[in-house]
Amino acid sequence: MEEIILRTTDLTKKYGSKVVVDSLNLEIKKGEIFGLLGPNGAGKSTTMNMICSITKPTAGKIELLGKDPWKQKKEVIQRIGYIPQELAIHGNLKAWENVELFTSLYGIKGEELRQSVDKSLEYVGLSERRSEFAKNFSGGMKRRLNIACAIGHQPELLIFDEPTVGIDPQSRNFILEKIKESNQNGATVIYTSHYMEEVEAICTRIAIMDNGKMIACGTSQELKQMVADGNEEITLEEVFLTLTGKKLRDYAE
Ligand SMILES: Nc1ncnc2c1ncn2[C@@H]1O[C@H](COP(=O)(O)OP(=O)(O)OP(=O)(O)O)[C@@H](O)[C@H]1O
Ligand SMILES: [Mg+2]
C-alpha cells in the first residue's frame, strides 16, 4: 500500500470572520513532488504554516508522517525541512554560520554537524562563498542559503514555499533541478507556487487553490482533461481560468 505522508481533513483557518483556508482535504503520497498552485492570497502559506505547526488551525485534522504535528511536534519537525516564503537567514552571519545555526537546532553536533554544513553548502552551490556574510548575497544566493539551512538534518519531506520568487533564471533553474534531485534521492516534496510552468515541469500532482479552497487536484494531464476533454494544447493557465474565472498571471509580480 502506498504510504501517505500528509493528509489534511477539512483543514480550516479563519482570521476573525475571514476564512483563509476552507475545509482543505489533501493527500500526499511518499515519493511525490506535490504542487500547490494558486494566486496571491489563496491560502498556500497559511496551509504550509499549519502543516508545519507554526499557525494553529481553526478546525480540521492534519496527519503528517503518521502523526499529529501539533501533538507530536518534536518528532515530526525532525523529519521535515521547511523552506519558508520569507527568508529565514541572518544577514550578519556568514553563510556557513547560518547553516550551522539551523542544522544545530535539530540536535546535530560535532563532526557530524561540520560535515552536514559542508554538504548542505555544496548542495546549493555555495561552498566557495561559505565565509561571506549573508547580507552581501544576491537574492538567488539568499534563497539557496535558505534551502541549505533547512536540509542539514536530512529531512524525508521537503516543503518549499515559493522558493523562486524574485530571483534570476539561473538560480531558479538551479533550485528546480535540486528539488528534482532531492526527490530522486528519496525525499517527498511539497512545492508551493503561482508559476504554472514550474509546477507543470516538476510536479507529479497539482492541487489548484483559490480563495482558501481546493478547486481541483490531479496530474497536469488530468487537470487539462477536466476542462478540455483531453485537448493536449490547453495550458494550465487556461485550466485555471476555466475553473476559477480568473487569470493566474494577473497575480504574478
Ligand atoms: N496573520 C494574519 N492575519 C490576518 N490575515 C492573514 C494573516 N495571515 C494571512 N492572512 C490572510 O490570509 C490570506 C491567505 O494568505 P496566504 O499568505 O496564506 O496566501 P498565499 O497563497 O501564500 O499568497 P502569496 O502567493 O501571496 O504568498 C490572505 O488574504 C492574507 O491576507
Ligand atoms: Mg504565500
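Which residues are buried in H3? I began my notebook with this point, working from a predicted model. I found that Ala95, Trp96, Asn98, Val99, Glu100, Phe102 and Thr103 are buried in H3. Helix H3 covers residues 95-104, and seven of its 10 residues are buried, so I recorded the helix as mostly covered. I then looked up what lies against these residues, and found that they pack against helix H4 (110-123) and H5.

**Entry: the two domains**

I noted that the protein is divided into domain 1 (4-79 + 158-251) and domain 2 (90-155). The C-alpha centres of domain 1 and domain 2 lie 26 Å apart. I looked up the contact between them and found 12 residues of domain 1 touching 11 residues of domain 2. On the side of domain 1 that touches domain 2, helix H6 (residues 169-184) gives the largest share, four residues. I sorted the residues of that side by character: six are nonpolar, three polar and three charged.

**Entry: the nonpolar core**

I turned to the largest nonpolar core, which has 61 residues. Leu145, Ala148, Ile159, Val189 and Tyr191 have the most contacts inside this core. Helix H5 (residues 139-151) gives the most to the core, with seven residues. Where does this core lie with respect to domain 1 and domain 2? Both domains give residues to the core, so I recorded that it lies between them.

I followed Ile159 further. Setting aside residues up to four places away in sequence, I found that Ile159 touches Met48, Cys52, Ile80, Tyr82, Ile83 and Ile190.

**Entry: strand E7**

I next examined strand E7 (residues 188-193), where six of the six residues are buried. In a regular strand the side chains alternate between the two faces of the sheet. In E7, I saw Thr188, Ile190 and Thr192 pointing one way, and Val189, Tyr191 and Ser193 pointing the other way. The residues on both sides of E7 are buried.

Which way do strand E3 and E7 run, parallel or antiparallel? I found that E3 (residues 33-37) and E7 run parallel and are joined by five bridges. Within this pairing, Leu36 stands opposite Thr192 in E7. Strand E6 (residues 157-161) is also joined to E7 by five bridges, and these strands run parallel. Here I noted that Phe160 has Tyr191 as its bridge partner in E7.

**Entry: strand E1 and its partners**

I looked up strand E1 (residues 4-15) and found eight bridges joining it to strand E2 (residues 18-29) in an antiparallel arrangement. The hairpin of E1 and E2 has two residues between the strands, and Gly16 takes a positive phi near 65 degrees there. E1 also pairs with strand E4 (residues 59-64), in the antiparallel sense, over five bridges.

I took Arg7 as a reference point. Arg7 stands opposite Glu27 in E2, and Arg7 also stands opposite Glu63 in E4.

Is Glu27 buried or partly exposed? I counted 17 other C-beta atoms within 10 Å of Glu27; because a residue needs 20 or more to be buried and 12 or fewer to be exposed, Glu27 is partly exposed. Leaving aside neighbours within four places in sequence, Glu27 is in contact with Ile4 and Arg7. I also looked up the separation of Glu27 from Lys74, which is 47 residues apart from it along the chain: their C-alpha atoms are separated by 22 Å.

**Entry: helix H1 and ligand 1**

I found that eight of the eight residues of H1 are buried, so this helix is largely enclosed by the rest of the structure. The buried residues of H1 are Lys44, Ser45, Thr46, Thr47, Met48, Asn49, Met50 and Ile51. After H1 comes Ser53, whose phi is positive, near 50 degrees.

I then listed the surroundings of ligand 1 and found 13 residues, the closest being Val20, Asn40, Lys44, Ser45 and Thr46. Helix H1 (residues 44-51) gives the largest share of this shell, three residues. The shell divides into three nonpolar, eight polar and two charged residues.

**Entry: Lys213**

I closed with Lys213, which lies in strand E9 (residues 213-218). Lys213 has 16 other C-beta atoms within 10 Å, so I recorded it as partly exposed. Lys213 and Cys149 are 64 residues apart along the chain, and their C-alpha atoms are separated by 31 Å.

Methods:
Residues are numbered from 1 along each chain as its sequence is written. Chains are lettered from A and ligands numbered from 1 in the order in which they are written. This is a predicted model: local features need pLDDT of at least 70, side-chain atom pairs count only at pLDDT 80 or more; totals for chains, interfaces and linings use all residues. A residue is near a molecule or strand if its C-beta atom, placed from the backbone, lies within 6 Å of it. Ala, Val, Leu, Ile, Met, Phe, Trp, Tyr, Cys and Pro count as nonpolar, Asp, Glu, Lys and Arg as charged, and the others, Gly among them, as polar. A nonpolar core is a set of buried Ala, Val, Leu, Ile, Met, Phe, Trp, Tyr and Cys residues joined through C-beta atoms within 7 Å. Domain bounds come from an automatic or database domain assignment. Two residues are in contact if their C-beta atoms, placed from the backbone, lie within 7 Å. Two strands pair if DSSP finds at least two bridges between them.
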